[in-house]
Amino acid sequence: MTYTPLRPAPGAPPVRVNLYSDTQTRPTPAMKAAMMEAEMGDEQSGLDPTVNALCDRMAALMGTEAAVFLPSGTMCNQIAIRVHCTQGDAILAHRTAHILTSEGGGVGALTGAQIMGLDGEGGQFAPETLEAAIWQPSRNAPPLTLVSVEQTANLGGGTIWNTNTLHRVADIAHAHGMKTHMDGARLLNATVATGIAPHEMTAGYDSVWLDFTKGLGAPLGAVLCGTTDFIDRAWRWKQRLGGALRQAGMNAASCLHALDHHVERLADDHANASALARGLQQIEGITLDAPETNLVFFSVEGLHTTAPAFAKALRDRGILVSVMGPHRVRACTHLDVDASGIDLALTEIRAAAAHFADRKIHATVA
Ligand SMILES: *Cc1c(COP(=O)(O)O)cnc(C)c1O
């Protein structure tokens with residue numbers, strides 16, 4: 001059905017550098033040790049001390065009253081939307097938003113709301129675009145109930161929303177009686193890149209969440225934050241969807257470990273992404289914008305090949321990247337890739353690009 005580089009053909013060389021996603025990191029030995037030592041209890045009865053500690057810490061970090069531990073970021077988005085909205089409601093988000101493109105139609109299936117995709121560069125929309133998209137309430141128009149943003153904007157290229165713009169977006173939404181949601185899957189990448197504290201970025205957002213399975217390197221878990229009332233209502237959906245857990249302290253311990261040890265080091269991922277981008281810029285036929293965080297998107301259109309064909313050629317050389325469009329490839333840096341991995345990846349990308357460039361010359365001659 002779709003191109004999947006993750007199941008290599010028999011005889012394919014082993015993966016040498018995995019730039020597919022920051023979701024593919026493995027827990028470090030220190031993280032595993034922290035998990036083994038975790039105090040645990042029945043999470044859904046509120047009796048898991050490690051989960052409770054994680055939620056308290058996240059609420060403080062995000063500047064909210066309360067927080068709830070969930071198995072995944074997708075469940076954070078889906079529950080937040082289900083709490084904020086009901087059937088027939090309309091949500092405004094960027095046209096490339098994860099909630100619109102990558103959650104299996106969950107918003108339609110679970111809430112029965114529709115997402116209206118806004119335009120804008122880099123996965124972001126301007127406050128003016130939002131303002132212009134808002135319609136007057138009427139009997140025929142769907143009720144506009146929520147505005148959602150992504151920090152960082154994944155398909156937008158891992159771009160960072162300017163904090164003032166975030167606040168303007170929230171003000172406009174609230175002025176029109178709408179709620180605000182922030183998909184903060186990679187929020188701490190934005191924090192580390194800018195030095196701006198999470199609670200400053202999230203001010204004005206009625207719900208926000210952080211994923212622990214991206215650059216933070218935990219095996220499982222995300223935390224959704226908001227007011228006490230919002231989190232109470234989120235708990236109802238957590239229970240209904242089967243997201244209420246038992247001895248989840250083991251997983252919360254990996255998240256706490258990540259907060260203690262894997263946040264500052266996101267700067268290394270950003271430096272590796274920049275180094276990769278600088279190398280890619282020198283390769284004829286490849287074009288890209290400089291990355292702002294750990295996601296490097298590039299186009300292979302100038303090589304007269306497609307993203308799936310290019311990704312396959314790289315896979316045959318032991319380099320894993322993801323396909324994000326007909327000609328768009330994404331390489332993602334994370335804690336399992338170091339500077340020497342970037343060098344190796346660049347060597348192989350150069351060789352693959354040369355192969356496609358050669359093929360083009362031969363095709364022209366023939
Ligand atoms: C990964 C991601 C999600 C979903 O998180 P999961 O933990 O994979 O369910 C949502 N939004 C964005 C922007 C993401 O990158």
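Mentor: A polar contact is a pair of N or O atoms within 3.5 Å. Keep that cut-off handy, and remember that this model is predicted.

Trainee: Okay, so what is 2.8 Å from an N or O atom in the side chain of Lys-214?

Mentor: That's an oxygen atom of the ligand. Two more to look at: Asp-183 has a side-chain N or O atom 2.5 Å from a ligand nitrogen, and a polar side-chain atom of Asn-154 sits 3.1 Å from a ligand oxygen.

Trainee: How much of the ligand's exposed area does the protein bury?

Mentor: On its own the ligand exposes 380 Å², and the protein buries 87% of that. The space it takes is the largest pocket.

Trainee: Which elements give two or more residues to the shell around the ligand?

Mentor: Helix H3 (73–84) and strand S7 (207–211). H3 has the largest share, with three residues. Of the 15 residues around the ligand, those that come nearest are Gly-73, Thr-74, Asp-183, Asp-211 and Lys-214.

Trainee: And how do the shell residues divide into nonpolar, polar and charged?

Mentor: Two nonpolar, seven polar and six charged.

Trainee: Let's move to the sheet. What is the order of strands in the open sheet of four?

Mentor: General idea to start: strands of a sheet pair through backbone hydrogen bonds, either parallel or antiparallel. Here the order reads S9-S10-S13-S12, and the pairing is antiparallel. At the edges are S9 (287–288) and S12 (322–323), each pairing on one side only.

Trainee: How many bridges join S9 to S10?

Mentor: Two, linking S9 to residues 295–299 of S10. To trace one, go from Thr-287 to its bridge partner in S10, Ser-299.

Methods: Residues numbered from 1 in each chain as written. Predicted model: local features only at pLDDT ≥ 70, side-chain atom pairs only at ≥ 80, totals over all residues. Heavy atoms only, no water. Near = heavy atom within 4 Å. Polar contact = N/O pair within 3.5 Å; in protein donor to acceptor, adjacent residues only side chain to side chain. Areas by Shrake-Rupley, 256 points an atom, 1.4 Å probe, with all protein chains shown as cover. 1 Å grid on protein atoms, 1.4 Å probe; cavity = no way out; pocket = protein on both sides within 12 Å on 5 of 7 lines; lining within 4 Å. Sits in = over half its atoms within 2 Å of the grid points. Nonpolar A, V, L, I, M, F, W, Y, C, P; charged D, E, K, R; others polar. Pairing = 2+ DSSP bridges.
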